[in-house]
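Student: Could you take me through a close look at the sheet in this model and at what packs on it?

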Amino acid sequence: MALVSYELADDIAVLTLSRPEKRNAMSDAMLTDLAVAVDRAAREAKAAVLRGEGKHFCAGLDLAEHVEKTVMQGIAGSREWHAVFTRIQRGAIPYFVALHGAVVGGGLELAAAAHVRVADANTYFALPEGQRGIFVGGGGSVNVSRLMGVSRMMDLMLTGRVLSADEAERYGIVNYLAEPGGTFEKAMELARIAARNAPLSNYAIINALQRIHDSGYDEGLFFESMIASLTQVTPEAHERLRAFLEKKAARLAIPEAES
Ligand code: 1HE
C-alpha cells in the first residue's frame, strides 16, 4: 500500500501522507511514494493539495531509520529530500498544503516547499533537530528561513520552542488560518481558484518569483521582462485580456469594508 495516497478531483491532485500510526514520519519508502505522486500530479493536475492522515500532518524524518548512518549515507538521504521537494517547489503546478496537529522538523520543511500553507488553531510547529542531535536536511535552512527569517529559525532550533498557529502566521509560515478541522476544505478552495489561472502564469509564479528574488536587481528586472512578455503573447492571455475588456471576466472579489 502506498504511503502517500493520490486522488484526482476536478483537476486538483490530492496527495495524502498515509502513515498515521507513525504520525506520518517520513521514511525512505514514503519519500519514494511522495515522488511518484508528485510526478503524477505534474502530468495530470492543474494544482495540488497536500495533507496528512490521522492526528498530525507530519512528525518529520523517520528517526528509526536514522539511528546509525554514515556521513555519505546522510548526505545522500538529504539530497534525496531536496530532489523530491524541489519537484514540488519548482515543479509544474502550485501546491496548497493543509496542515493540522504537529508540523515538525522535516514536516515543516515539506510544508515550506509548498506554495501556500493553511493551518488551524490546533496546528503547531517545531524544529527539534537540536534536541535530536541532528540538523535540518530537507531544505529547511533555505526555505524555512526564507519564510520566517534566520534569527527566528535559530531560536526555534536552539530552544525546541513550539510555535502556535497564530505565531506561525505572524512568522510568515502560515498564509491562512482556517476554522478548526477546516484546513483541507480551505486548501481545496484555494487550489480550485489557482487551477483556473493560465498554466503558464502559474508556472512562472512558482518558478520565477523566488529565483528573481534571489538574483540581483538588474538581473531580476531583465528576467521579469522576459517572462512578462512570454506570458502575454500566448493565445490564452489574448483571450483573457479580451474577456476583461469586453466586461466578460470575473471582477476582483473585494472584501467588504468593516463597519
Ligand atoms: C516516530 C516519529 C518520528 C512519531 N520518527 N517514529 N521529529 C521529531 O523529533 C518529532 C518526534 N515525534 C513527536 O514528538 C511526537 O510523535 C508528536 C508530537 C509528533 C506526536 O505525538 P503523539 O503523542 O501523537 O504520538 P507518539 O506516541 O509520540 O508517536 C506514535 C508513534 O509514532 C510512536 O511509535 P510506536 O511504535 O511507539 O507506536 C512513535 O515512535 C512514532 N513516531 N514521530 C519515527 N519522527 C530531513 S531532516 C529532518 C529532521 C527532522 O525531521 S528532526 C525532527 C524529527
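Tutor: Happy to! β2 (12–17) and β3 (47–52) pair in the parallel sense over six bridges; two strands count as paired if DSSP finds at least two bridges between them. Here Ile-12 stands opposite Ala-47 in β3. This is a predicted model, in which local features need pLDDT of at least 70 and side-chain atom pairs count only at pLDDT 80 or more, while totals for chains, interfaces and linings use all residues. Residues are numbered from 1 along each chain as its sequence is written, and side-chain values use heavy atoms, with hydrogens and water left out.

Strands (E, at least two residues) and helices (H or I, at least four) are DSSP runs numbered from the N terminus. Six strands form an open sheet with mixed pairing, in the order β1-β2-β3-β4-β6-β9. β1 (4–9) and β9 are at the edges with a single partner strand each, so one side of each has no neighbour in the sheet.

Now for helix α8 (residues 183–195): its 13 residues reach 18 Å from first C-alpha to last, close to the expected 18 Å, which is 1.5 Å times one less than the number of residues. Buried in α8 (under 20% relative accessible area, 1.4 Å probe, protein chains only) are Thr-183, Ala-187, Met-188, Leu-190, Ala-191, Ala-194 and Ala-195. They lie on the same side of α8 because they cover an arc of only 165 degrees around the axis, taken from the directions from the helix axis to the C-beta atoms. These buried residues pack (heavy atoms within 4.5 Å) against β2, β3, β4 (95–98), β6 (116–119), β9 (176–177) and α9 (199–214).

Definitions and conventions:
Buried < 20%, exposed > 50% of the residue type's maximum accessible area, 1.4 Å probe, protein only.
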